[in-house]
Amino acid sequence: MFNKDGKDDSTYNVDNYEFIKKTSPTVGALIEKEYNRQKNNVELIASENYCSEAVLAACGSCLSWKYAEGYPYVRTSGNKGRYYGGTEFVDQLEEYCCDKWREVFKTDYHVNVQPHSGSQANFAGYKALLEPGDTILSLSLDNGGHLTHGSSVNFSGKLYDVHFYDVDEKGYIDMDDVRKKAHDLKPKLIMTGASAYSRIIDFKTFSEIAKEVGAYFMVDMAHIAGLVAAGEHPTPFGYADIVTTTTHKTLRGPRGGLVFGKQEFAKKIDSAVFPYSQGGPLEHIIAGKAVCAEEALKPEFKTYEHQVVVNCAALCDEFLKMGYKVVTGGTDNHVFLLDLSQFSFSGRDLQEACDAVGITLNKNAVPNDKRSPMQTSGVRIGTAPMTTRGFKEEDFRAVARRIDEVVKKLDKEKKEEK
Ligand SMILES: Cc1ncc(COP(=O)(O)O)c(C=O)c1O
């Protein structure tokens, strides 16, 4: 793993580009460049993380060669539903992976560990509950939601009739608006979860509203799943009919998704993943997900997630002290949005200026953004990756001051340009 000073003290070949270069010089050279970029940069992308060497090794293992369409678990028919021979060991692995994830989230929900990504997990969640044309009430992309929560350019916005609840003037999800719109619309599904939302999400009230109007309730906890696992954010289990997540953000595992659902939706979830929307499962990634679940059960994981939240509060506080505007005025989790509306430059300009000094973050719309999605008036900042690399509060405060220098220089340049 890369440490906070940019040294690689891993025992596994995370830098195996030398080996790859022997047969694929172009690919090897590009991996080498990316390896150095990752090692040397301060990584503040809120949806990224560095998984362990064990997760990486599992994902690069011989399991990559195995086809295992279907499911290992005994269904009502009593059949083991795989379409291939030779699945004895991947069957055991996949069942073990499911058990570990239920243990991580202390739940008896059904879990499907095959989704290739968070988007695939959401696709399966909707398919299990809805028919095309059904109504969804959701958080829009502009207000912190995800593309798969109903954006018009995504399958979700094309297949379903999606309406959005708002955030209030401070940027908090407006639960009064959720209730009012739910009663007016009578949606088939109420959806929550976010890619850029810095506050605790009130799953209990959401589920009460869903009950009042007879809607299903689905939570996409992709960003906060690690915090949920560690008790740093309230759990959606027990409230939501379906819970989806990625495994590569705060959970710090391999790229991939999971779908959990109340037992009554188990069969529908499984058939929505395979054969409806995916082919053979990626058993090497499922092995990585199992290792990730084991890691999430360790006491060190709790310590890590707590530090992620403490670091985020410190970083945000340093910006506030320097007079910056932050959406909602702070953070409860691993992420926050700097609101740059008052500046002459855009989120994109700041992203590019930070890139030039080795700080990686991303432009992001702020609520009621006047700029286009390609420009934006904000940047999203997260603390999960650099916390993995050992950053503490003081390191993050120093990062804030460095970004402030970049902002001042950029502001001066833009004013001079004008
Ligand atoms: C809340 C949320 N859901 C789903 C996804 C989609 O995950 P993936 O990129 O693995 O499809 C993301 C990705 O950033 C996300 O933030």
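The protein chain is assigned three domains: domain 1 (7–40), domain 2 (62–296) and domain 3 (301–417). The model is predicted. This report follows the interface of domain 2 and domain 3.

The C-alpha centres of domain 2 and domain 3 are 28 Å apart. Domain 2 brings 24 residues to the contact, and domain 3 brings 25 residues.

The size of an interface is often given as the accessible area lost when the parts come together. Here domain 2 and domain 3 bury about 2100 Å² between them. Carbon and sulfur atoms carry 54% of that area. On the domain 2 side, S198, R199 and R252 stand out: they supply 28% of the area that domain 2 buries against domain 3, more than any other three residues.

R199 has a further role in the picture. Its side chain meets that of D332 in a salt bridge, at 2.9 Å from N to O. The count between domain 2 and domain 3 is one salt bridge. Polar contacts across this interface join 14 residue pairs, with both residues at pLDDT 80 or more.

Two helices, α9 (225–229) and α11 (283–296), each supply at least two residues of the domain 2 side that touches domain 3. The most comes from α9, with three residues.

The table sorts that side of domain 2 by class.

| Class on the side of domain 2 that touches domain 3 | Count |
|---|---|
| Nonpolar | 11 residues |
| Polar | seven residues |
| Charged | six residues |

Key. Residues numbered from 1 in each chain as written. Predicted model: local features only at pLDDT ≥ 70, side-chain atom pairs only at ≥ 80, totals over all residues. Heavy atoms only, no water. Domains from an automatic or database assignment. Contact = heavy atoms within 4.5 Å. Buried area = accessible area lost by both parts, 1.4 Å probe. Salt bridge = Lys/Arg side-chain N within 4 Å of Asp/Glu carboxyl O. Polar contact = N/O pair within 3.5 Å; in protein donor to acceptor, adjacent residues only side chain to side chain. Helix = DSSP H or I, 4+ residues; strand = E, 2+ residues; numbered from the N terminus. Nonpolar A, V, L, I, M, F, W, Y, C, P; charged D, E, K, R; others polar.
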